[in-house]
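Me: Got a minute to go through this structure with me? I'd like the fold, then the helix packing, the cysteines and the salt bridges.

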Amino acid sequence: MTTQKAVALRISNLLVKNNMSQYVLCKKIAMPEETLRSIINERYKTVKLDTIIQVCDGFNISIQEFFDDPLFKRENLDVD
């Protein structure tokens, strides 16, 4: 899986886990809804670490907690 897909799935999973809509998350972190939608729909080739940190703030988790998921295990990622 691509890193973009892993990030998109992780955000989607966190939204479900926290019973939160994309709209609510965007309002909490002052991110345009289109930006989050583009990340989740994998329209960006890369996602900046600053953006992931901003998302983490919205979920009240650390960057370590965000990446501490099987989605990000090396064997699950297609990295050149």
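**Talking through the model**

Reply: Starting at the N terminus, the protein's elements run α-α-α-α-α. There are five helices and zero strands, where helices (H or I, at least four residues) and strands (E, at least two) are DSSP runs numbered from the N terminus.

Me: Anything I should know about the model and numbering?

Reply: This is a predicted model, where local features need pLDDT of at least 70, side-chain atom pairs count only at pLDDT 80 or more, and totals for chains, interfaces and linings use all residues. Residues are numbered from 1 along each chain as its sequence is written, and side-chain values use heavy atoms, with hydrogens and water left out.

Me: OK. What radius of gyration does the protein have, and what would a compact globule have?

Reply: The protein has 12 Å, which agrees with the value near 12 Å for a compact globule with 80 residues. That radius is taken over C-alpha atoms, and the globule rule is 2.2 Å times the number of residues to the power 0.38. Along its principal axes, the C-alpha trace spans about 35 × 25 × 20 Å.

Me: How much of the protein is buried?

Reply: Buried residues make up 36% of the 80 residues. Buried means under 20% relative accessible area, exposed is over 50%, and partly exposed is in between (1.4 Å probe, protein chains only).

Me: And what share of the contacts join residues at least 24 apart?

Reply: The share is 64%, among contacts between residues at least 6 apart in sequence. Contact means heavy atoms within 4.5 Å.

Me: Now packing. At what angle do α1 and α3 cross?

Reply: Helix α1 (residues 3-17) and helix α3 (residues 33-40) cross at roughly 115 degrees, and their axes come within 8 Å. Axes here are lines fitted to C-alpha atoms, for helices over the stretch in contact, with angles running from 0 to 180 degrees between N-to-C directions.

Me: Which residues meet there?

Reply: From α1 you have V7, A8, I11, S12 and L15, and they meet L36, I39 and I40 in α3. The residues of that contact divide into seven nonpolar, one polar and no charged. For that split, Ala, Val, Leu, Ile, Met, Phe, Trp, Tyr, Cys and Pro count as nonpolar, Asp, Glu, Lys and Arg as charged, and the others, Gly among them, as polar.

Me: I39 caught my eye. Which residue in α4 does I39 touch?

Reply: That's T51, which is found in helix α4. Leaving aside neighbours within four places in sequence, T51 is in contact with M31 and I39. T51 counts as buried, at 17% relative accessibility.

Me: Switching to cysteines. How many disulfides are there?

Reply: The count comes to zero, a disulfide being a pair of cysteine sulfur atoms within 2.5 Å.

Me: Why doesn't C26 have a bond to C56?

Reply: Because the sulfur of C26 is 14 Å from the closest cysteine sulfur, in C56, and that is too far for a bond. C26 is buried at 3% relative accessibility, and C56 is buried too, with a relative accessible area of 2%.

Me: And how many salt bridges?

Reply: Five, a salt bridge being a side-chain nitrogen of Lys or Arg within 4 Å of a carboxyl oxygen of Asp or Glu.

Me: What does D69 pair with?

Reply: D69 forms a salt bridge with R10, with the closest N and O atoms 3.3 Å apart. D69 lies in the segment after α5 (63-67) and R10 in helix α1, so the pair ties together parts that are 59 residues apart in sequence. D69 is buried at 18% relative accessible area, and R10 counts as buried at 11%.

Me: What about one within a helix?

Reply: Take E34 and R37, whose closest N and O atoms are 2.7 Å apart. Both lie in helix α3, three residues apart, about one turn of the helix. Salt bridges that share partners join E33, E34, R37 and R43 into one network.

Me: Last one: where does E42 sit, and what does it pair with?

Reply: E42 lies in the loop between α3 and α4, and its side chain meets K5 in a salt bridge (3.4 Å, N to O). K5 is in helix α1, 37 residues apart from E42. E42 also has a positive phi of about 60 degrees although it is not a glycine. Most residues other than glycine have a negative phi.
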